[in-house]
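Colleague: Could you help me learn to read a structure like this one? I would like to go feature by feature.
Modeller: Happy to; let's bring it up and start.

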Amino acid sequence: MAGVDIERLSETDWLVRLGDTVDAGLNAHVQQLATHLRASAPEGLVDIVPAYASVLLRGDAALATLPGEALPPPWRAVIDAMAVDAADTVAGREHRIPVCYGGEHGQDLAAVAGRLGLDADELVRRHTAAEYRVAMLGFAPGFTYLLGLDPALAVPRHDTPRTRVPAGSIGLAGAQTGVYPRALPGGWQLIGRTPLQLAPLDDPQRPCLLAPGDRVRFEAIGPAAFARLAAEQGDD
Amino acid sequence: MIEVLDSGLLSSLQDAGRQALAHFGIGRAGAADEPARCLANALVGNPADACAIEMTLRGATLRLHRDAWVALTGAPLPRARVGERPLPMWTNCHVEAGSVLELGPMRAGCRSYLAVSGGIDVAPRLGSRSTDLNAGFGAGPGRALKAGDRLPLGAPTIAPSPVRRRWSLDPRPWFDDPAPPPLRLLAGTHTGLLEPLARHALEHETFRVGADSNRVGVRLQGVPLALREALEMVSEGSVAGVMQLPPGGEPIILGVEHPVTGGYPRIAQLAAVDLPRLAQCRPGTGVRFHWIDREQARRALAERDRELDCLQRDVLRRLQEPA
């Protein structure tokens with residue numbers, strides 16, 4: 001596979017870098033690589049962690065005996081055998097996520113809309129019009145980074161993060177849309193909130209609702225629907 | 001059942017940690033000093049992956065509600081007692097139902113482990129009995145232990161006979177060494193971008209372990225470090241042992257609860273053989289570093305693993321000897 005930089009990050013972990021930018025096309029290649037590795041399951045590969053432009057490959061303890069910097073040969077073989085242009089070979093689910101935008105559930109919506117010269121309804125319309133891809137999860141269990149945001153909606157994050165962002169909040173930062181699975185500190189611009197339980201952490205096969213490679217659309221709901229769905233989930 | 005009467009400074013349930021969930025942002029957690037936890041389990045006849053209690057700086061006080069074998073490993077606990085009797089470390093002790101273990105403060109180092117025959121038998125959460133304190137979830141109470149917690153014990157798998165030797169993983173007692181050997185670093189992704197003074201400082205200066213160090217990472221205070229040029233990084237996967245350089249200039253070595261992805265420059269890698277020593281870095285103490293290469297790191301780890309394997313086999317053999 002051309003254009004790939006491989007680094008041994010520890011005795012048992014290797015980082016495969018495809019680039020260094022936040023770009024939907026590049027991330028699609030990352031998801032293809034991750035999907036392919038997961039399906040091939042080469043010996044000793046324990047964790048496959050996609051990020052925006054790279055995949056971290058974590059191996060089992062036995063790999064510590066390998067000398068040098070090179071990837072374990074079984075992993076190398078799988079990567080080299082991969083067809084780069086297989087555009088639809090990304091395993092992933094589709095999700096429609098209900099979001100109550102603005103008001104108490106999206107405290108920054110009005111300010112962000114004002115900053116962008118849009119009215120709040122137009123911002124919501126554009127946010128819900130897009131199809132997003134889960135680029136990666138990181139920072140905390142279930143914290144989801146989505147690509148696909150309308151470029152007209154790009155805003156920087158807050159200078160001073162909030163000490164507590166409500167669970168289920170949808171935030172904007174630069175080209176990214178982020179979803180907070182639980183109450184966490186955070187600096188993203190909060191435009192809405194989903195009542196869904198995003199990271200129940202009970203099923204070892206699927207501890208979080210969203211996984212890398214999944215596709216997501218947001219649907220605007222009102223506060224009453226939010227309250228009803230939240231009650232069904234057993235949330236506050 | 002074992003009951004927590006006092007949780008010490010910070011105690012939690014830890015086993016070998018979680019795997020294969022990092023793509024959900026769920027990290028490994030597990031014991032910070034993994035060899036110490038393994039040996040504690042070996043000493044009471046538990047399988048290596050049994051769950052133990054990890055304690056930080058000041059040990060817990062616990063009551064056993066059944067007869068059990070217990071073992072203490074890790075940082076020295078010179079005032080550890082069962083009732084009125086001293087409780088020695090690095091060996092196993094039989095304690096009777098109703099006994100109170102009062103473990104007291106650590107004289108040096110940072111983390112100690114208590115294993116009980118049968119293991120702490122809470123239901124696993126996502127495949128492990130470990131607690132991820134930073135992420136706020138785990139098995140059993142799923143948080144730091146507190147007074148009043150009652151933890152189930154599993155059935156012992158072996159009836160230990162007392163092990164008559166004191167075990168220490170490193171023949172040099174590095175908890176006591178006034179000049180502990182430096183922690184070994186390998187080059188990281190961005191080591192080449194360090195200012196020459198910074199690279200020199202890592203090799204020659206003493207850094208102080210920050211008071212806000214924890215299972216997420218050890219923060220190092222001293223000469224502020226810098227790269228020759230600013231680097232805008234995209235978030236990438238991260239692992240324990242990575243030394244990151246945040247904008248303030250104080251490096252952090254990532255620990256077992258590090259966030260799965262990160263965007264700070266990676267200026268070094270702690271050799272895996274020294275991860276247990278990272279776990280024993282006591283806030284306020286000094287730490288020094290030394291650059292080594294991949295081959296030296298590989299050999300040191302292989303030697304350590306051989307020693308650990310030998311110790312565990314020896315313990316098992318002694319446990320199976322007739323009394």
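Colleague: Which side chain of opposite charge is nearest to Glu11(A), and how far away is it?
Modeller: First, a friendly reminder that this is a predicted model. A salt bridge needs the nitrogen and oxygen within 4 Å. For Glu11(A) the nearest side chain of opposite charge is Arg294(B), 4.4 Å away, so by that cut-off Glu11(A) has no salt bridge, although it is buried.

Colleague: Where does Glu11(A) sit, and what is it in contact with?
Modeller: Glu11(A) belongs to the loop between strands E1 (5-8) and E2 (13-17) of chain A. A polar atom of its side chain lies 3.0 Å from the backbone nitrogen of Ala272(B). Beyond its sequence neighbours within four places, Glu11(A) is in contact with residues including Leu63(A) and Ala64(A), as well as Leu186(B), Ala271(B) and Leu301(B).

Colleague: How many salt bridges are there over all chains?
Modeller: The count comes to 31 over all chains. One of them joins Arg215(A) to Glu94(A), with the closest N and O atoms 3.5 Å apart. Arg215(A) is in strand E13 (residues 215-221) and Glu94(A) in strand E5 (residues 94-101) of chain A, so this pair ties together parts 121 residues apart in sequence. Arg215(A) is partly exposed at 30% relative accessible area, while Glu94(A) counts as exposed at 58%.

Colleague: What separates Arg298(B) from Glu295(B) along the helix?
Modeller: About one helical turn, because they are three residues apart in helix H4 (residues 294-320) of chain B. Their side chains meet in a salt bridge of 2.8 Å, N to O. Both count as partly exposed, Arg298(B) at 23% relative accessibility and Glu295(B) at 28%. Elsewhere, salt bridges that share partners join Asp5(A), Glu7(A), Arg17(A), Glu236(B) and Arg266(B) into one network.

Colleague: How do I read a strand, and which way do the side chains of E7(A) point?
Modeller: Look at which residues share a direction. In strand E7 (residues 144-147) of chain A, Thr144(A) and Leu146(A) point one way and Tyr145(A) and Leu147(A) the other, and all are buried. Next, look for partners. E7(A) runs antiparallel to strand E6 (residues 132-137) of chain A, joined by four bridges, and Arg133(A) has Leu147(A) as its bridge partner. E7(A) also runs antiparallel to strand E10 (residues 176-179) of chain A, with three bridges; there Leu146(A) stands opposite Thr177(A).

Colleague: What describes a pair of aromatic rings?
Modeller: The distance of the centres and the angle of the planes. Over all chains, the structure holds nine aromatic pairs. Among them, Tyr52(A) and Tyr145(A) are edge-to-face, at 5.9 Å centre to centre and 80 degrees between the planes. Tyr52(A) lies in the loop between strands E3 (45-50) and E4 (54-59) and Tyr145(A) in strand E7 of chain A, so the pair ties together parts 93 residues apart in sequence. Tyr52(A) is buried, with a relative accessible area of 2%, and Tyr145(A) is buried too, at 9%.

Colleague: Which kind of pair do Phe143(A) and Trp188(A) form?
Modeller: Their ring centres are 5.6 Å apart and their planes at 75 degrees, so this pair is edge-to-face. Both Phe143(A) and Trp188(A) are buried. Ring pairs link these two with Tyr52(A), Phe139(A), Tyr145(A) and Tyr180(A) into a cluster.

Definitions and conventions: Residues numbered from 1 in each chain as written. Chains lettered and ligands numbered in written order. Predicted model: local features only at pLDDT ≥ 70, side-chain atom pairs only at ≥ 80, totals over all residues. Heavy atoms only, no water. Helix = DSSP H or I, 4+ residues; strand = E, 2+ residues; numbered from the N terminus. Buried < 20%, exposed > 50% of the residue type's maximum accessible area, 1.4 Å probe, protein only. Lys, Arg positive; Asp, Glu negative; His and termini not counted. Polar contact = N/O pair within 3.5 Å; in protein donor to acceptor, adjacent residues only side chain to side chain. Contact = heavy atoms within 4.5 Å. Pairing = 2+ DSSP bridges. Phe/Tyr/Trp six-rings, centres within 6.5 Å; stacked < 30°, edge-to-face > 60°.
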